[in-house]
Amino acid sequence: AVPYLDVVVHETLRLHPPLYDLPRMAMDDVIPSSKPVRTRSGRLVNHTSVAKGTYVSVSALSMNRSTAFWGPDAKAFKPERWIGEDGIPDGAKEIQGHRHLLTFIDDPRTCLGKGFAIAGSKVRPHLSVDRRRVRVFGQR
């Protein structure tokens, strides 16, 4: 039951990150793209030009639900995708973060409460079950 709880917690964090957008300050005038992007004019570019010091936002919600990274079932709640490395699509493996999630971001400003948040998410269901009598229907 505990390994399945782990995959349910990670799938929940993928679909419902605590912070949807992660603000960052551009440290350079160019933000590189992992893949070429077509502009409105039809030109392919491999970067975005911004003024150094501009605040930009990275959408954890969009990346964690993107079909480009997570496949056609990206918006579906599917905990089984976390069982073994084979269930995670190759596109998602490109995401640098805890378990290929952008939820806690993986840079020098990574979320310091990541471990506490994950542990707390796993403890709460156990406390709920321990405090209640569980009865199987048809049994006394």
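**Notebook: salt bridges in a predicted model**

Entry 1. I began with one pair of charged residues and found that Glu11 and Arg81 are both buried. I note at the outset that the model is predicted. The side chains of these two residues, Glu11 and Arg81, form a salt bridge, at 3.1 Å from N to O. This pair connects distant parts of the chain, for Glu11 belongs to helix 1 while Arg81 sits in the loop between helix 3 (67-70) and helix 4 (90-93), and 70 residues separate them.

Entry 2. I next looked up the other contact of Glu11 along its helix. Its side chain also meets that of Arg14 in a salt bridge, with an N to O distance of 2.8 Å. I placed both Arg14 and Glu11 in helix 1 (residues 2-15), three residues apart, or about one turn of the helix.

Entry 3. I then asked on what grounds Glu11 and Arg14 are assigned to their accessibility class. Glu11 counts as buried because its relative accessible area is 0%, and the cut-off for buried is under 20%. Arg14 also has a relative accessibility of 0%, so Arg14 is classed as buried.

Entry 4. I turned to helix 4, where I looked up a further pair. The side chains of Lys93 and Asp90 form a salt bridge at 3.8 Å, N to O. Lys93 and Asp90 both belong to helix 4 and stand three residues apart, about one turn of the helix. Which class does Asp90 fall into, buried or exposed? Asp90 is exposed, because its relative accessible area is 61% and the exposed class begins over 50%. Lys93, at 31% relative accessibility, is therefore partly exposed. I recorded next how salt bridges with shared partners connect residues: Glu11, Arg14, Asp73, Lys78 and Arg81 are joined into one network.

Entry 5. I checked the total and obtained five salt bridges for the model.

Entry 6. I closed with the chain as a whole. I counted five helices and four strands, and in sequence order I read the pattern α-β-β-β-β-α-α-α-α. Of the 140 residues in the chain, 27% are buried. I also looked up how contacts are distributed along the sequence: among those with a separation of 6 or more, 60% are between residues 24 or more positions apart. For the surface, I noted an accessible area of about 10,100 Å² for the chain, and carbon and sulfur atoms contribute 59% of this area.

How values were computed: Residues numbered from 1 in each chain as written. Predicted model: local features only at pLDDT ≥ 70, side-chain atom pairs only at ≥ 80, totals over all residues. Heavy atoms only, no water. Helix = DSSP H or I, 4+ residues; strand = E, 2+ residues; numbered from the N terminus. Buried < 20%, exposed > 50% of the residue type's maximum accessible area, 1.4 Å probe, protein only. Contact = heavy atoms within 4.5 Å. Areas by Shrake-Rupley, 256 points an atom, 1.4 Å probe, with all protein chains shown as cover. Salt bridge = Lys/Arg side-chain N within 4 Å of Asp/Glu carboxyl O.
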